[in-house]
Amino acid sequence: MEQTEYDYLKKIAPEPGNLIKGLQAIQAREGYVSDDDIRAAATYFSLAEVEVEGVLSFYAQFKRNPPGKYRICVCDGTACHIKGSALILDWVSTELGIKAGETDAKKLFSLETVACLGCCSLAPVMSINGKVFGNLDRKATVKILKEHRKK
Amino acid sequence: MMVSDKIKKIKVGTASCGIAAGADEVLELLRQYVGDITIEEVGCVGHCYAEPLVDVETVDGTVISFQHVPSTVAGVENVLGLGDRGRFTIPAGRRNKELHKVIGLAGKICPTSFEQYVENGGYDGLKKALSMIPQAVIDEVRKSGLRGRGGGGFPTGTKWGFMAAKQAEQKVLICNADEGDPGAFMDRSLMESVPHQLLEGMLIGAYATGATKLFIYCRAEYPLAIKHLSIAIDQIYEKRLNVIAGLELEIVIKEGAGAFVCGEETALIHSLEGKRGTPRFRPPFPTDSGWQDYPTMINNVETLANIPLIVREGGEMFASVGTEGSKGTKLFALAGDLRCPGLVEVPMGITLAEIVFDIGGANPAEVKAVQTGGPSGGCIPVDKFDTPVDYDSLKSLGAIMGSGGMIVIGKQRCMVETARYFLDFTHRESCGKCTFCRVGTKRMFETLERITAGEGVPEDLDFLEEMGNKVRSGSLCGLGQTAPNPVLVTLRYFRSEYESHVREKQCGALVCNALTDVLLDQEKCIKCKLCIKNCPVNAVSEDFVIDNTLCVRCDTCIEICPKKTIYRVKKGEGYYRGQN
Amino acid sequence: MDKINFILDGKAVSAQPGQTILDVAKNSDISIPTLCHNQKISRTTSCFVCVVKDVKSGRFLPSCSACPVPGQEIDSSSDEVKNMRRTALELLLSEHTGDCEAPCTIACPAHARVEEYVRAGRKGDFLECLKIVKERIPLPMSIGRVCPRFCEKDCRKNVTGEPVAINDFKRLAADLYYETYLEELPPLIDKQVAIVGAGPAGLATAYFLRRNGIASVVYDQMPQPGGMLRYGIPEYRLPKAILDKELAHFNKIGIKFECSRKLGADLSLKELKQKFGAVAVTIGCWQPGSMRCEGEELAVQGIEWLEKIALNNWQGENPGRVIVVGGGNTAMDCLRTAIRLGSPDVNCFYRRTEAEMPAEGIEIQEAHEEGVKFNLLTAPVGLRRENGHIVMTCQKMELGEPDASGRRRPNPVPGSEYDVEADLVIAAIGQKTRATADLRATKWGDIDVDQETYHLEDNVFAAGDCVTGAATVVEGVAGGRKIALGIVDFLTGSKHQQEKVINVSRGHWSSLVPDDLVYLRNDVSHESRVKMDFIPLAERCSTFSEVTHTLSEEFMRKEGERCLECSCTAKADCKLKSISEEYGASPEAIVGEKVKSGYDNRHPTIIRDRMKCIKCGICVKICKEVINRNLLSQKQRGFVTSVGTAFGEPLPDSCRECGACIEECPVGALDWKIK
């Protein structure tokens, strides 16, 4: 392990209880958690590698593969679901040619569904890199994607 | 640009839902044109349906609100010129039925302004509490009749009493802000809009129970809430408000990492300890042995946010609102098929009809049911809407109060599909430890998948009922114990929908893809070819016939057709290749 | 602190503070099943097989974790509690994948422990191989030659190629040791059994009675014992010298034969019933079926023709041009016997196609090789004599919709009639039971026994072809064993253990792809199947010499290396299996997706078959809390939760010295490579 590479972890106390925080810090920098990151976290928090992997794989937040430049989260919360989030997902999927859980070949977009973004009153919604877009219909969805593609 | 000289101050709602509706852009434009007029960012008043909302305070003290403010120069000009367009007034239904207590300051003050909070009575509760002995504070909470707002409904005062009685070198207070119920956003709103109110509640709780380590376990999907809380905590440290009875309290925000089961006390504690969020058998209860084996008390955001009011105004005042068994007010996140979705605060005991129709503006003729309690709750049919909203009445219907998510379900929705949706959620969110939950919910989900795919058999309904009851009684934690509710309740109130799926292989609501066809009405068609161009699977022929053999029911054509000539019909009523 | 008094299954009991309900139950001799509970580690509370009911609150509690409270009333034995436990087990079974027993063993009608005898052969211990075979099959020399090999049809090796040559292990083991191996025989009780019919079923009845300490007398209508083995199956498939060797052993263990005694003629059922403690009727199927066409009396019956040649020591005149009507094994026997008698022109007429023929594929193939001509989709409509020959009028058929047997029904093609000429026409279209009037019969003429016990009435039992209709030798043997055990119970008043076993299966090989195969042992051979060792074709066509030689030890040991040895390594001590059997939980009760998480056999001595894992987490905790190594963890969550190592790497080599997790795994998810 390159000691310098993970210097930013030093802001977090190296106790096992802070593992999730540490992993969040890693993911915030890299967008995902690699095998090497797991090894580094295990060393830093004095845990077995398999424990780190066990914790990490339990939580939906952690990604094991690099995401695209734009991380699209289609909300499938209850309100969004009854307002047709399955169709939104369909449309995004068709437009980008990737399924939920995938990243496109150019590493521009990655697509996933999330349980709830807490913007139920604007259902159906999706977020791109954390920015929420609400009251989606097909036209709006496609337009948002096209704008991001152009950027 | 014409800026009215009557304007004293402008407030823009920039909670998550406001931002999602474009409040940031509006704010930016306003800043360009207002000159030296003060602009404040405020939280959420709950009128999500009207976002972005801009309040203009005039020199004569009146407030003019604008709704749906477009992020255009013209839009901003209308606001700054106090134009007539987009004026917002609170609908009468809401004004009459709501009772703003816990969100009284939300949307009125700047969330990150310590001063504004204090100006509006903030930290008076803490001050008063510190002047009392801890037991007196607990008694006040007990007197208020406050019950846990996270869903369980356990009397808060009693819990505090347990905790206070524990002797330990360290005690821990956790605020459960892992609002995992998809379709609920009460806690998010509170944390984003009035973070200090929550913190004040926590400090009072710490004083009353002797806790010295304070955690806020907040879901990572709420970045703005975390930001506001962090700022507020810094302010508290700065003002030394965290020094209580000579002890310096530590307040730590921990971000959840996306696991619904972590709403469960013991799972949450495991997660805080950096472990997999699996619940464990109770007893021992967390108040005996919790975080790192210390006595630990867990309260929900809304519960804690009520505390400053209770202490400030007295428990009796709080208890004067509500019903015999459910005191005070309750926040609900209203969403779904209604005109005015948003956050509402109502006195306990109000009826579902009042919330859904009067406040939410839903059309009684178009509503089928309301789902309370999220994936753990149940769909209450419209004919039971005269039920008062309190812990016990909802339970008697097979639903639960839950944390306050309330999704209105219109007549155009399929209840079987809705039940399938909830089981899809819960079976994936199961921590995977206990047999009944891990495998039982999966088998129930598979059965519902089969039914909505038109492959169900009548025996499936018996299986769902039997397995549902067993999962309910054979699960360790609340997730498994309540996961079958959406199925059991819909089987109870909407059995005919299940029957038609398994017997006639029809979905009356035309929602289940496998049980519907798509038809283009040739007579009304204007031959614009938009459907042909946009169909992802080329299912629309050159002569405007939709081949249901190819169609994947993505609704693209239905959405895109300018004349609405394409719609879903019953299975068998659409065209299939090889037919005449 | 004070003891906690409460009620467990109606009994007043007391617990020490901190004791769980399960602890108390153990001390009170109340058995509560559990899978995830383990004394060595902290509680997990995951399997919920240990649930009990708190009578007052109506709540179910996991007894492994719940401590009693004073005055509590706990129910651990009601149907409701058992039902909950059964459901928990059935849910676990619904996600559990593996093979409790190898498919070959399941497929064997006699339930011989196939995998075990093949393994003994692979290891070169053919005596052990024979011992295992003879636990279920007393006629290994015969069956080793004539069995249609049900086991091989279900062999997993079919996924990647040809099945293991299982039956050849039996044949070799028997050839090597049958005459010298003497099984342990218990002393005889004072009751005797009469067995009517010395065919496979009767012989098996006698054998298994003797192994249980009961002597018998076997009666037969023919001059020598053996039944169809002697008078139906031709010499070239089963040399009678071999059969004689096999029967000599029966004499050696004290079984008496009385031949040329026919039931109803010179043997009375009534008398036998009085004279013997029990009577076993195993008279077989000796009544030929009818061709149902005009002039059928001009044809001879296949089994009667074969019997005549058998009585003549497999000699006879050249029958001239021969037509055999039928497509079963008897038809093949007649056709190939006719070839050996020198017939220049041997024809098979069958009304469907070769695919529908009931005869074994290998028999059909060997008939082809020996020169039999097949006239398919052709049925006889009439026989007549003309100029000293027989003329058979035939009609072409075409296949229609499937009939009750699942085979496509042949329908006549109008106007397609034509004549063929022959010197001998043999009808080989099935056999029926020829029961005497005092034996109750079904509408098909078979003896009407209780389907469970094969008990007929009073002290009379029946098994074999006369109960099932014409079947195979191994099925006859299986039936014989069944009534032997029934008779033992009947005569001794005991109740031999009901074999209520469950079997989880990875699925029939036809539903699997090569990647689905699980290699539970190292170095499974991917060579192709050992070839049969035929005598020269010319010799096959002109003599009754046995068509194949027994394969050598060397070949068979190598063949054994091909065996996957599918059955679970933990089948003897799997808790999920034993508790499921106790609670009557069925693997088929709840059906759904199973996670294909694969297996890991990279470690030299440890196999991790993750699809068997029940996610109890015992291994994780044993490694962490007891051994302090921390090599395992649960991964993911929900239904796809699995137990794994860091980055999916194999367990370290050092695990071979520990194995603590293996010892505690309640199923076969973690095990030594014991095969």
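A salt bridge is taken here as a side-chain nitrogen of Lys or Arg within 4 Å of a carboxyl oxygen of Asp or Glu. In this predicted model, Asp392(B) and Arg147(B) form such a pair, with their closest N and O atoms 3.8 Å apart. That pair is a convenient way into chain B, and from there the description moves outwards to the contacts that chain A makes with chain B and with chain C.

The domain assignment splits chain B into five parts: domain 1 (7-89), domain 2 (114-318), domain 3 (329-410), domain 4 (415-504) and domain 5 (513-570). Between domain 2 of chain B and domain 3 of chain B, the centres taken over C-alpha atoms are separated by 26 Å. The contact between these two domains draws on 17 residues of domain 2 of chain B and 21 residues of domain 3 of chain B. About 1,400 Å² is buried between domain 2 of chain B and domain 3 of chain B, and carbon and sulfur atoms account for 60% of that area.

The polar side of this domain interface can be described as well. Two salt bridges are found across the interface of domain 2 of chain B and domain 3 of chain B. Between the same two domains there are also seven residue pairs in polar contact, counting pairs in which both residues have pLDDT 80 or more. On the side of domain 2 of chain B that touches domain 3 of chain B, helix α9 (residues 186-193) of chain B gives the most, with three residues. By residue class, that side of domain 2 of chain B divides into seven nonpolar, six polar and four charged residues.

Chain A comes next, as the partner of both other interfaces described here. Six helices and four strands make up its secondary structure, and from the N terminus on, the elements of chain A follow the order α-α-α-β-α-α-β-β-β-α. The C-alpha trace of chain A spans about 50 × 30 × 25 Å along its principal axes. Chain A is divided into domain 1 (3-58) and domain 2 (70-150), and the C-alpha centres of these two domains of chain A lie 29 Å apart.

How many residues does each chain bring to the contact of chain B with chain A? Chain B contributes 57 residues and chain A contributes 39 residues. The area buried between chain B and chain A is about 3,600 Å², with 57% of it coming from carbon and sulfur atoms. Three residues stand out on the chain B side: Ala257(B), Arg276(B) and Tyr421(B) supply 16% of the area that chain B buries against chain A, more than any other three residues.

Two salt bridges are counted between chain B and chain A. In a salt bridge between these chains, Lys131(A) pairs with Glu25(B), and the closest N and O atoms are 3.4 Å apart. The interface of chain B and chain A also holds 23 residue pairs in polar contact, with both residues at pLDDT 80 or more. Several elements of chain B each supply at least two residues of the side that touches chain A, among them α1 (16-20), β7 (213-219), β10 (250-256), α12 (265-272) and α17 (415-429). Of the elements on that side, α17(B) gives the most, with five residues. The side of chain B that touches chain A divides into 29 nonpolar, twelve polar and 16 charged residues.

The contact of chain A with chain C takes 14 residues from chain A and 14 residues from chain C. Chain A and chain C bury about 1,100 Å² between them, and 56% of this lies on carbon and sulfur atoms. Two salt bridges are counted between chain A and chain C. Glu53(A) forms a salt bridge with Lys635(C), and here the closest N and O atoms are 3.0 Å apart. The count of residue pairs in polar contact between chain A and chain C is six, with both residues at pLDDT 80 or more. Helices α2 (35-44) and α3 (49-58) of chain A each supply at least two residues of the side of chain A that touches chain C, and α3(A) gives the most to that side, with seven residues. By class, the side of chain A that touches chain C divides into six nonpolar, two polar and six charged residues.

A word on confidence completes the picture. The mean pLDDT of chain C is 95, and 99% of the residues of chain C reach 70 or more. The model scores ipTM 0.94 and pTM 0.93.

Conventions
Residues numbered from 1 in each chain as written. Chains lettered and ligands numbered in written order. Heavy atoms only, no water. Contact = heavy atoms within 4.5 Å. Buried area = accessible area lost by both parts, 1.4 Å probe. Polar contact = N/O pair within 3.5 Å; in protein donor to acceptor, adjacent residues only side chain to side chain. Nonpolar A, V, L, I, M, F, W, Y, C, P; charged D, E, K, R; others polar. Domains from an automatic or database assignment. pLDDT = per-residue confidence, 0-100.
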